[in-house]
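I opened the notebook for another structure today and kept my entries short. Here is what I looked up, in the order I got to it.

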Amino acid sequence: MLKTFFYIKKYWGLALLLVVLVYITAAASLQLPDYMATIINQGIVLKNNSVIIDTGTKMLLVALGGAVATVGVAYCASFIASAVSRDMRENVFSRVESFSLVEFNRFSTASLITRSTNDIQQVQTVLVFILRMILQAPIMGIWAIIKAYNLAPSMSWLIGLAVIVLVGIIIVLFSIALPKFAILQKLVDKLNLVTRQNLTGLRVIRAFDNERLEKDKFEKVNVDLTNANLFVNRLMVVMQPLMMLIFNITALAIIWVGAHLVASSSLQIGNMIAFMQYAMQVIMSFLMVSIIFIMVPRAAVSANRVFEVIDTVPSIGDPKKSASPTNEKLKGQVEFRNVTFSYNEADAPIIKNISFVAQPGQTTAIIGGTGSGKSTLINLIPRFYDVTQGQILLDGIDVRDYKLEDLYHKLGYAPQKGVLFSGTIESNIKYGAPDISDAAVKKAARIAQAEEFVQQAEGHFEHTVAQGGANVSGGQKQR
């Protein structure tokens, strides 16, 4: 969670303004009981209307200033938290774009979606509370204790007792809630995974008449997540009435003890009321801290999950010194030299000691049974994975010696599973080369034998393509 605060450095000017506004808010709130004591002791008791009017006017102006400062604090906190979450999302997205298939196997798609949305949202929500309360609560709490002690030292033990009880409740709730938050985020991951599998595999599920089985899977995960959320929310529900109970008991105790002191002329009635207000501000400060303590553990779990992605260094990256082809005769040549590859934690290599040369201008077919490693072998050329042993040469140079951007520019890749993006037929054809002419787009469609169905589609090349190509057939998607 501490890493999140490094993002605030970018907005240090707004953060400094926030601190100033928090101080003004606390000062205004703590000045009001003093004015109230003056109005009662010197105005109402002594029947001095001028004191009531003058002090009341000051009280209204201070309250108005405090209200404006409070609005400013809310605005600054919300802006900073939103900006930080935006920066975190950008960093997560940029990092995920640089991942190889090794990292994608480590972080599931469902988990990456949760980390980019739900986890960052949790961090943003808590950051708003922290910026608004974590600065204000200690200032108000400590300052209110000092002011209360100066007003009535003989009643200060009441505040001390209330604070001890509050701290005890916070510690107990914190120790119970902390383990549940980690479980909660994992259940959100699991729910996303099950939901995504159901949505993407809906045709297969219906074909095998497994709707009931998949519904039971979803029901189990959904119930587990609901139960975990209910447990956490019950803690929050229990905390509020406990705090209010302590709040009211403390107020009654102050009135009881204060009444005896007023009756014995040891304390003025205005000071007793001001003391009670300071005591309430102390309890409210601890209430704000307790809310943060309950929310921070879940946000800390979410922040750790987000930074786990951001801090992951891709296993496949650019070399320190990139190479460039020197032999034009080898341009377009792909050579495998004793290539062996095995997946992480696999018992045996999926391909072993493979050697061949694919010459430019010729067609090289790789034939084998299901699971023999054909797709894996092709995935090694663009470095979706790196070879375990041996070399793959492109234009006579090891693919690991190219910058990734240069390597991708040399390759054309048609994936085993066709992937289309929301947009138009034209935008999908232009995806790898956005600046090509309309003639080149039509030529590409003709070569791929897609021209016929494109001409039949409404709008032709401007025909809308749904996300994932859901509104075209499998064969049309491939072409």
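**Entry 1: the second largest pocket.** I began with the residues that line the second largest pocket, working in a predicted model. From the earlier part of the sequence I noted V102 and N105 in this lining. Further along come S315 and I316, then the run F341, S342, Y343 and N344, and finally Y385, D386, V387 and T388. I sorted the lining by class and got 6 nonpolar, 5 polar and 1 charged residues. For the volume of the second largest pocket I wrote down about 190 Å³.

**Entry 2: the cavity.** Next I looked for enclosed space. Rolling a probe the size of a water molecule over the atoms shows where empty space is left. How many cavities of 30 Å³ or more does a search of the whole structure find? I got 1. The largest cavity holds about 30 Å³ of space. Its lining consists of L380, R383, Y385, D386, V387, I392, D398, V399 and R400. By class I counted 5 nonpolar, no polar and 4 charged residues there. I was pleased to spot Y385, D386 and V387 here, since I had already listed Y385, D386 and V387 for the second largest pocket.

**Entry 3: the chain as a whole.** Then I stepped back. The secondary structure comes to 15 helices and 6 strands. The radius of gyration is 33 Å, well over the 23 Å that the globule rule gives for 479 residues, so the protein chain is more spread out than a compact globule. Along the principal axes, I noted a C-alpha trace spanning about 105 × 50 × 45 Å. I found 39% of the 479 residues counted as buried. The chain exposes about 27,600 Å², and carbon and sulfur atoms supply 61% of that area. For contacts with a separation of 6 or more, I noted that 76% join residues 24 or more positions apart.

**Entry 4: backbone angles.** Last, I checked phi. Most residues other than glycine have a negative phi. Which sign does the phi of N353 have? I found it positive, at about 50 degrees, although N353 is not a glycine. N353 sits in strand β2, residues 351-358. With 47% relative accessibility, N353 counts as partly exposed, because the exposed class starts over 50%.

Q449 also went on my list, with a positive phi near 60 degrees in a residue other than glycine. Q449 belongs to the loop between α13 (438-447) and α14 (451-456). At 63% relative accessibility, I logged Q449 as exposed.

Notes: Residues are numbered from 1 along each chain as its sequence is written. This is a predicted model: local features need pLDDT of at least 70, side-chain atom pairs count only at pLDDT 80 or more; totals for chains, interfaces and linings use all residues. Side-chain values use heavy atoms; hydrogens and water are left out. On a 1 Å grid over the protein atoms alone, a cavity is a set of points where a 1.4 Å probe fits but cannot get out, and a pocket is an open set with protein on both sides within 12 Å along at least five of seven lines; lining residues have an atom within 4 Å of a point. Grid points are joined across faces, edges and corners, and a volume is the space filled by probe spheres set on the points. Ala, Val, Leu, Ile, Met, Phe, Trp, Tyr, Cys and Pro count as nonpolar, Asp, Glu, Lys and Arg as charged, and the others, Gly among them, as polar. Helices (H or I, at least four residues) and strands (E, at least two) are DSSP runs, numbered from the N terminus. The radius of gyration is taken over C-alpha atoms; the globule rule is 2.2 Å times the number of residues to the power 0.38. Buried means under 20% relative accessible area, exposed over 50%, partly exposed in between (1.4 Å probe, protein chains only). Contact means heavy atoms within 4.5 Å. Accessible areas come from the Shrake-Rupley method with a 1.4 Å probe; for residues, only the protein chains shown count as cover.
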